[in-house]
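Here's a quick tour of a model, for someone who likes to poke at coordinates. Let's start at a loop and work outwards from there.

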Amino acid sequence: MTTQPRDDFVAIVGAGDLLTAEAIGPDYGHDEALVGAPVTPAYVARPQTAEQVAALLAAATEHRIPVTARGSGTGLSGGARPCPDGLLISFERMNAVLEVDADNQVAVVQPGVTLADLDTATAAAGLVYTVFPGELSASVGGNVGTNAGGMRAVKYGVTRHNVLGLQAALPTGELIRTGGKVTKLSTGYDLTQLIIGSEGTLALATEVTVRLYPRLAHSATLLVPFADLPAVLQAVPAVVRSGADPDILEYVDNLTLAAISYTQNLSLGIPDGIRDTAQAYLVIGVENRDRDRLDGDVAMLGELLDSLGALDLYVLEGNSAHALIEARERAFWTAKAAGAHDVIDVVVPRTRMHEFFTRAQELAQAAGAGVVGCGHAGDGNVHLAVFCADDDVRHRLLHDIFAGAMTLGGAISGEHGLGRVKTQHFTELEDPVKLAVLRRIKDAFDPARILNPGVVLNERDNR
């Protein structure tokens, strides 16, 4: 007699860690995407071991039940939104820092570990994991799924540059290991990099080996107002070339800075005259192991920015610097509170950011919509809050904005992923030959097509 899915799942994780019906809390039905209604899955499993994850996937494949993975639920593209008839695998019980190896400068963690917990564990060894996507409650496994980035990517790169190896569960019920505690690897296909950014559509990471860096003792944050956004964006390449090696290089428009200052009760000491004149700001973070060298970098940047037309320069340290960075990281919550209907994270070559931003504003104005924002100027990642209540008008607007970014040599998403929100745009705009390759990769990993259907490849592509 064929067993029922619930019986199989209970046999794997136990009755206490298999939730159904009313036992499934509302948080399991959504992530932080502003678009799309929550969905209650048929099952929520909370495994504690990699072997349990693999067994769950094997059972789901046998019963043809769609599977969605969930870390902390902080994603912004609907990638952790489950299917109504599906299984949600929550990694909340797989949340251990297994090892901090100071000699090899790596940490080995389970996917449910939050960035906050990892930061605490690595600080004790004088090291740091440098991927900070703006929400410290985010999980490492979720970051792997979306290839998360954040403000420090300009210096340290995104998740794929900081993950050296994985253990991953396949839909066939097998476990594989990729990479490890090595920084070089030229042996076969790089499955680590293939799984990173695949948004839970190929395999589920059950253990992650991350690269660590020395935690530098001295830092400063520069807030630099400019008369307009073009001046800000033209200054970015010069700052990158300066040799100061900033770990943060952000732009913030005046509306966004005013909003985050108000909502976060942030006082930056900007005179009224500058505040009334400035239309955009650069936020530059620099760090060094030596105080004198840091001061030298700040002085050099001050001279450079003055020559590039900066209206002034404010050097923030200590609590004020931390408060500004924290407020910038919470810009999404500010946009959400202001009533934004969507938030996007298009990426373009940094020298074409102004061209892209101008085009996006023109498209929004023509659609009767509004776009405001900030972004990772150092790597061309533009974050826009989109204000457009009409779903159809907004869909067309975003499609045109995404198409414009791709024309400039960019991509739809720099770090949030496609999720369920942007997959249709991707499959309509991407090269059909590339999409065909992605389908073949999907079939090789997941022949039953159970993993996160509707993400990366649309429903038609997932049949």
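Glycine 309 sits in the loop that links helix H11 (291-307) to strand S15. This is a predicted model, so keep that in mind throughout. With a relative accessible area of 40%, glycine 309 comes out as partly exposed. Its C-alpha atom is 26 Å from that of aspartate 292, a residue 17 places away along the chain.

**The sheet**

Follow the loop into S15 and you reach an open sheet of seven strands, paired antiparallel in the order S15-S12-S14-S13-S17-S18-S16. Which strands stand at the edges? They are strand S15 (314-316) and strand S16 (342-347); each has a single partner strand, so one side of each has no neighbour in the sheet. From one strand to the next, the twist averages 20°. As background, strands of a sheet pair through backbone hydrogen bonds, in either a parallel or an antiparallel way.

Inside the sheet, strand S13 (residues 248-253) and strand S14 (residues 280-288) run antiparallel to each other and share six bridges. If you want one pair to click on, valine 252 has tyrosine 281 in S14 as its bridge partner.

Two helices lie across these strands. Helix H12 (residues 318-329) lies across strand S12 (218-226), S13, S14, S15 and strand S17 (370-376), and makes an angle of about 65° with S12. Helix H14 (residues 353-366) covers another set, namely S13, S16, S17 and strand S18 (381-387), and runs at about 10° to S18.

**Cysteines**

How many disulfides does the model have? The count is zero. Take cysteine 374: the closest cysteine sulfur belongs to cysteine 388 and is 20 Å away, which is too far for a bond because a disulfide needs the two sulfurs within 2.5 Å. Cysteine 388 is likewise in no disulfide, its nearest cysteine sulfur being that of cysteine 374. Both are tucked away from solvent: cysteine 374 is buried at 5% relative accessible area, and cysteine 388 is buried at 6%.

**The segment after H17**

Asparagine 452 belongs to the segment that follows helix H17 (432-445). Is asparagine 452 buried or exposed? Its relative accessibility is 2%, so it counts as buried. A polar atom of the asparagine 452 side chain lies 2.9 Å from the backbone oxygen of glutamate 199. Leaving out residues up to four places away in sequence, asparagine 452 touches Val67, Thr68, Gly79, Glu199, Gly200, Thr201 and Arg420.

Valine 456 is found in the segment after H17 too.

**Positive phi**

Most residues other than glycine have a negative phi. Here are two non-glycine residues with a positive one:

| Residue | Phi | Relative accessibility |
|---|---|---|
| Glutamine 105 | about 55° | 30%, partly exposed |
| Valine 456 | about 70° | 15%, buried |

Glutamine 105 lies in the loop between strand S5 (97-101) and strand S6 (106-109).

**What the record adds**

An unreviewed UniProt entry places the feature "domain: FAD-binding PCMH-type" at residues 36-215. In the model, the end C-alpha atoms of residues 36-215 are 40 Å apart, and the span is 24% helix and 24% strand.

Methods:
Residues are numbered from 1 along each chain as its sequence is written. This is a predicted model: local features need pLDDT of at least 70, side-chain atom pairs count only at pLDDT 80 or more; totals for chains, interfaces and linings use all residues. Side-chain values use heavy atoms; hydrogens and water are left out. Helices (H or I, at least four residues) and strands (E, at least two) are DSSP runs, numbered from the N terminus. Buried means under 20% relative accessible area, exposed over 50%, partly exposed in between (1.4 Å probe, protein chains only). A polar contact is a pair of N or O atoms within 3.5 Å; within protein, one must be able to donate a hydrogen and the other to accept it, and residues adjacent in sequence count only if both atoms are side-chain atoms. Contact means heavy atoms within 4.5 Å. Two strands pair if DSSP finds at least two bridges between them. Axes are lines fitted to C-alpha atoms, for helices over the stretch in contact, and angles run from 0 to 180 degrees between N-to-C directions. UniProt positions are given in the numbering used here, feature names are shortened, and annotations may be inferred rather than shown by experiment.
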